[in-house]
Structure formats: structure tokens, C-alpha cells
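Okay, thanks for coming, everyone. I'll put the model up on the screen, and then we'll walk through it piece by piece.

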Amino acid sequence: MEQRRERRVHVQYPISFEGNQGVGQGRLFNLSAGGAGIEAGTSVQIGTTITLRVYVPTQKEPIQVSRANVTWVTGQDFGVEFHNMAPTEKELLEKLLTDLQQGKSQTH
């Protein structure tokens, strides 16, 4: 019953994540203000809660999502819905998305 409310932007950003199933690394392949699609070398289960760090090449520090819930899994790809971000992190994400949608930022 998931409905996408936000426009997703195709990106290829390295990420790292950790949760009760351990830690992993991967590549974020689409991004919106409310969630993302991730390609990882690690399997995760639907319902898992993870902490996510997105390494944007144009930024010094990664964008951190304190709590993201896994909403779908296909092989080693999975989707997350963002549930808890510090206001400054959310602001960075929203600015990044605006820049990407306007073609102002690198997507790789």
C-alpha cells in the first residue's frame, strides 16, 4: 500500500548503513525527501530499521538518517522510508534534491 508522494531523483551515491542485522555498504540509486532505493552487497529484511549515511561528492560530511525502515527487498536491492532525521540533515537533503531537480548538482 506504499504510495510515492515525492518525486524520486536518480543518483549514484555511496552509502553505509547499520542496523540490528549488522553493517553494510552500497549505492543509493534513487532518492526522495521521504526515502531511497539502495543497492547493497548485503541482504536485509523488510521491517528492519537502519541508520543510513549518504556520501554526496559535493558535500564534506555525509547526510545522516538516524532511522530508516526497510519497506521492500528485491535480491540485494532494498527501499527505505526515512523516519528520523535531524532538522539540519533534513535541510541538507531538501537542498540537495532541489539542486538535483534543477540540474545544479552532480548526480554521480
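So, let me start on the inside. Eleven names to find on your screens: the largest cavity is lined by Phe17, Gly19, Gln21, Gly22, Val23, Gly24, Thr42, Ser43, Val44, Thr48 and Ile50. Two elements, strand 1 and strand 2, each give two or more residues to that lining. And before anyone asks, yes, this is a predicted model.

How big is the volume of the largest cavity? About 60 Å³. With the cut-off set at 30 Å³ or more, the count is one cavity. Which strand gives the most to the lining? That's strand 2, with three residues. As for the chemistry, the lining of the largest cavity splits into seven polar residues, four nonpolar and no charged.

Okay, zooming out to the fold. What we have is a closed barrel of six strands, with antiparallel pairing, and the order is 1-2-3-6-5-4. On average, neighbouring strands in this sheet are turned by 45 degrees against each other, ignoring direction. Then there's helix 1, residues 87-101, which packs on the sheet. Helix 1 touches strand 1, strand 2, strand 5 (63-74) and strand 6 (77-84), and its direction makes about 155 degrees with that of strand 1.

Let's go along the strands now, beginning with strand 1. Strand 1 covers residues 9-19, strand 2 covers residues 22-31, and nine bridges join the two in antiparallel fashion. They make a hairpin, with two residues between them. If you want to check the register, try Tyr13, whose bridge partner in strand 2 is Leu28. Pro14 then stands opposite Arg27 in strand 2. Further along, Ser16 has Gln25 as its bridge partner in strand 2.

Hang on to Ser16 for a second, please. Where does Ser16 stand with respect to strand 4? Opposite Arg53. So Ser16 has a partner in strand 2 and one in strand 4. Strand 4 itself is residues 49-54, and it pairs with strand 1 over five bridges, again in the antiparallel sense.

Back to strand 2, this time looking towards strand 3. A hairpin of three residues takes you from strand 2 into strand 3, and five bridges hold the antiparallel pair together. One pair to look at here is Asn30, with Gly37 as its bridge partner in strand 3.

That brings me to my last stop, Ala36. Ala36 sits in strand 3, which is residues 35-40. Is Ala36 buried or exposed? Its relative accessible area is 1%, so we call Ala36 buried. Who does Ala36 contact, leaving aside neighbours within four places in sequence? There's Arg8, then Leu28, Asn30 and Leu31, and then Phe78, Gly79, Val80 and Phe82. Take Val80 from that list: Ala36 and Val80 are 44 residues apart in sequence, but their C-alpha atoms are 5.4 Å apart in space.

One general thing to keep in mind as you rotate the view: in a regular strand, side chains alternate between the two faces of the sheet.

Okay, that's my tour. Over to you.

Conventions:
Residues numbered from 1 in each chain as written. Predicted model: local features only at pLDDT ≥ 70, side-chain atom pairs only at ≥ 80, totals over all residues. Heavy atoms only, no water. Pairing = 2+ DSSP bridges. Helix = DSSP H or I, 4+ residues; strand = E, 2+ residues; numbered from the N terminus. Axes fitted to C-alpha atoms, helices over the stretch in contact; angles between N-to-C directions. Contact = heavy atoms within 4.5 Å. 1 Å grid on protein atoms, 1.4 Å probe; cavity = no way out; pocket = protein on both sides within 12 Å on 5 of 7 lines; lining within 4 Å. Points joined across faces, edges and corners; volume = space filled by probe spheres on them. Nonpolar A, V, L, I, M, F, W, Y, C, P; charged D, E, K, R; others polar. Buried < 20%, exposed > 50% of the residue type's maximum accessible area, 1.4 Å probe, protein only.
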